[in-house]
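Here are a few short exercises to work through with the model open beside you. Try each task before reading its solution.

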Amino acid sequence: MQPWNGKLSHFTRESKYALDFDMPEGDTICAARGGIVIRTIDHFTENGGKELKDKANQVVVLHDDGTMAFYVHLLHRGVLVEAGDTIRKGQIIGLSGNTGYSTKPHLHFVVREAPDKSVPMYFKGYQGRILKKGRKVGY
Ligand SMILES: [Zn+2]
């Protein structure tokens, strides 16, 4: 739905390399990489404009290279892991939703090397092709 450097909300240092994936509420979110869960929030219920920027449910996973993956806008009570859990790649960690600064259900996915610095992420099997808005990952 929104690529890197997206004009809507992917233009800050912390979100420049974020991707938004169109997902219905309640769809399963699988970990892109394994790691340790370092933060979970799932008590928020509302969605709306920028005033809800800090009110999105989320899971944050610390990878072994020190980067952190943020899975954001999850369903109310839609987090299925706990802080401290070790998770593996592909494990279901939560349910997608529409909480926080969000106009329709989607997953905001971003990898950061510091809390305020996003970094590019690449999908294995996608062979370096550019992920275009409106297209699906894969073949
Ligand atoms: Zn986003």
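A residue counts as buried if 20 or more other C-beta atoms lie within 10 Å of its own, as exposed if 12 or fewer do, and as partly exposed in between. Keep in mind that this is a predicted model.

**Exercise 1. Locate K50 and decide whether K50 is buried or exposed.**

Step 1: Find the segment. K50 sits in the loop that runs between β4 (47–48) and β5 (58–62).

Step 2: Count neighbours. K50 has 9 other C-beta atoms within 10 Å, so K50 is exposed.

Step 3: Check a distance. From C-alpha to C-alpha, K50 and E14 are 15 Å apart in space, and they are 36 residues apart in sequence.

**Exercise 2. Work out which residues K53 is in contact with, beyond its neighbours within four places in sequence.**

Step 1: Place the residue. K53 is also found in the loop between β4 and β5.

Step 2: Classify K53. Its 12 C-beta neighbours inside 10 Å make K53 exposed, because the cut-off for that class is 12 or fewer.

Step 3: List the contacts. Once neighbours within four places are set aside, K53 touches G100 and Y101.

Step 4: Add a distance. K53 and L8 are 45 residues apart in sequence, with 13 Å between their C-alpha atoms.

**Exercise 3. Describe the largest nonpolar core and find which element gives the most to it.**

Step 1: Size it up. This core has 20 residues, and those with the most contacts inside it are I29, V59, F70, Y71, L74 and I93.

Step 2: Trace the elements. Two or more residues each come from β5, β6 (68–72), β8 (92–95) and β10 (106–114).

Step 3: Pick the top contributor. That is β6, with four residues.

Step 4: Follow one core member outward. Beyond four places in sequence, the contacts of L74 include D42, N57, V59, V79, G94 and L95.

**Exercise 4. Compare the backbone and surroundings of H73 and R77 in the loop between β6 and β7.**

Step 1: Recall the background. Most residues other than glycine have a negative phi.

Step 2: Read the angles. Phi is near 85 degrees in H73, a positive value. In R77, phi is near 60 degrees, again positive in a residue other than glycine.

Step 3: Confirm the setting. H73 lies in the loop between β6 and β7 (86–87), and R77 lies there too.

Step 4: Classify both. H73 is buried because 27 C-beta neighbours lie inside 10 Å. R77 has 14 such neighbours, so R77 counts as partly exposed.

How values were computed:
Residues are numbered from 1 along each chain as its sequence is written. This is a predicted model: local features need pLDDT of at least 70, side-chain atom pairs count only at pLDDT 80 or more; totals for chains, interfaces and linings use all residues. A nonpolar core is a set of buried Ala, Val, Leu, Ile, Met, Phe, Trp, Tyr and Cys residues joined through C-beta atoms within 7 Å. Two residues are in contact if their C-beta atoms, placed from the backbone, lie within 7 Å.
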